[in-house]
Amino acid sequence: MSTRVGGGRPRRPGPQGRPARPQQHHRPDTNNRPSISAPKKREPVTVELAQTMTVKELADALNVGSGLIIKELISRGIMVTINQSIDFATAADVAAAFNVKVAPKALDASEGAIAAEIEEEENLRPRPPVVTIMGHVDHGKTSLLDVIRQTNVTAQEAGGITQHIGAYQVEVSGQKITFLDTPGHAAFTAMRARGAQATDIAVLVVAADDGVQPQTLEAISHAQAANVPIIVAINKMDKPDANPSRVKQQLAEAGVVVHDWGGDVEAVEVSARKKTGIKELLETILVVAELLELKANPNRLATGVVIEAKMDKTRGPVATVLIENGTLNVGDFVAVGAIPGKVRAMFNDRGKRVKKADPSTPVEILGLAGVPQAGDRLHAVPNEAAAKLFAQQAAQQAIQENQTAPRLTTLEEMFKQDGAVKELNVVLKADVQGSIEPIQTSLERLSSDEVKVKVIHSGTGNVTESDVLLVQASGGIIIGFNVRVEPGAKRAAESANIDIRLYNIIYDVVEDVRKALTGMLEPKFTEVQEGRAEVRQVFGKTGNVAGSMILDGKITRNSIARVSRNGKTIGEGRIESLRRFKDDVREVLAGYECGIVISGVSGIEPGDIISTFRKERVAGDLPL
């Protein structure tokens, strides 16, 4: 008898009398679908990628869906859209997740690159001078800039909002002057250290009542090292104790001889507070600029330099650019350093939208794919493809320069390069003024027909970050005599691989530089103790394990160790093994026991002292 289920048709018995399985319809197996949560593995392949690309371009190159790429980037904490640009390193990490090896795309220098153009004389037109104001703190740099700017604001603009973009233009007798509103000589030199020579004239502000101060001397050295002409603005002439004659005498002693004293440096007496002498200063700037014959070709694609850049929350990447040659227009494709873009909008220093920017004009530009660095070069190019290619070339060139460029910034290395260096620039700092002259004279006497020692700046006091910037821009070393290094200067020097050498004996200064000039100088090292332990028991099959108590500091595996007995050294080696109970450890601190094995040392006995230390390179006789 057949069995009915719910009144349906009876099932046909299966083999051995079992009911047959109910018939199943074929459905797609959703469990076998590829999941977007895990990239699909594939056979390893290698693809060439550009230095920068959009997410979509990366997806196409990897032959993977854009959604998978975005998901992979989000999992790495990078929030992107399909049209957002990413760099080569990020793209390589993503490609690795899809089992794809990548390599930098070889660039064709003939495509999109802009060759160095030799401007024809008939195409050149006069351009406004670019001026940086420098000087000692509290001598009135900011006040002078404010007065210059206010006297050139028209009545219509007086009530408006002035936008600070790090630079601005003023107009005098129908001629324009561009001022770089930087914090002073440090920013001026920081840009020059990155290859940007954006300034034509330096205005040195000196207070008539205070005279030449240390930062004044620094500013002079920075301007002279950049080979930029100086105009002296003697400020605060309204003060009862103003003494411009004393200022001119001090400047002459510093090597800046003004016109009144028979020199070639113009000096103008001004008062930012009373707003006197401002017109004369601006006219003097125009006279000096006329002698410089500053010219550019406005009828070509623009080139320029980034003064400052930032990420604006509402507008995106914003860069303040000083146009040096050509004319930049809204809609132009540009490459700024390694960042491509298209100029969507431009604003002048008054916050007003402009459609074009001529040579020596500062503007804020929007439309870049990222935030460039101060000192980066801007190039306008014919189309988007050229902008991307030019940016890729800049990025690849920067990588190659970092990998291959010799770093001739230590005294030992500087003259080991055959014929690479013919001049040693020195920044000299000493504790007192009386020490500077004999050291400088002794150093400059070492010069010969083949090599030259040049002290580009000297002064009293500790080595500062400004000193490091000057050396970074000029190439050379810093020598300190009976002084120390400020923390900020030490960090900057380590970052830029700048050599700072400190001494307390003049003979050693001269001798080290003499050895460097002849390629014989060897670096000096000092020992810095890290830890000390007393051997309490010796065990092990060969008696080479020293059961010890750490007395002070810490003992670290692989550090250099010296074993002493009754004050005399019996052996030196490297800590091969460090154990606490049965565990291998990396270090043991004071107050704990451990087992120590030292390679190359045998015959250790209870009571011996194990000292560990590291070797640090020192500058001359004094540590940094």
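**Close-ups of a sheet and its helices**

**View 1. Helix H9 lies across a whole row of strands.** In this predicted model, helix H9 (residues 278-292) lies across E6, E7, E8, E9, E10 and E11. Take E8 as your guide: H9 runs at about 100° to that strand.

**View 2. Here's the open sheet itself, built from six strands.** Read across it and you get the order E7-E8-E6-E9-E10-E11, with mixed pairing. Strand E7 (167-172) and strand E11 (266-269) stand at the edges with a single partner strand each, so one side of each has no neighbour in the sheet. Neighbouring strands are turned by 30° against each other on average, ignoring direction.

**View 3. Zoom in on E6 and E8, a parallel pair.** Strand E6 (residues 130-135) and strand E8 (residues 175-180) are joined over three bridges. Look for Val-130, which stands opposite Thr-178 in E8. As a reminder, strands of a sheet pair through backbone hydrogen bonds.

**View 4. Helix H4 lies across strands too.** Residues 141-150 make up H4, which lies across E6, E7, E8, strand E9 (201-207) and strand E10 (230-235). Its direction is about 145° to E6.

**View 5. Helix H12 has a buried side and exposed residues on the other.** H12 (residues 433-444) has 12 residues and reaches 17 Å from first C-alpha to last, close to the expected 16 Å. Ser-435, Ile-436, Ile-439 and Leu-443 are buried. These four cover an arc of only 100° around the axis, which puts them on the same side of H12. On the other side, Gln-433, Gly-434 and Glu-437 are exposed. What covers the buried residues includes strand E22 (423-430), strand E23 (452-460), strand E24 (477-481) and helix H15 (506-517).

Key: Residues are numbered from 1 along each chain as its sequence is written. This is a predicted model: local features need pLDDT of at least 70, side-chain atom pairs count only at pLDDT 80 or more; totals for chains, interfaces and linings use all residues. Side-chain values use heavy atoms; hydrogens and water are left out. Two strands pair if DSSP finds at least two bridges between them. Helices (H or I, at least four residues) and strands (E, at least two) are DSSP runs, numbered from the N terminus. Axes are lines fitted to C-alpha atoms, for helices over the stretch in contact, and angles run from 0 to 180 degrees between N-to-C directions. Contact means heavy atoms within 4.5 Å. The expected span of a helix is 1.5 Å times one less than its number of residues. Buried means under 20% relative accessible area, exposed over 50%, partly exposed in between (1.4 Å probe, protein chains only). The arc is that of the directions from the helix axis to the C-beta atoms.
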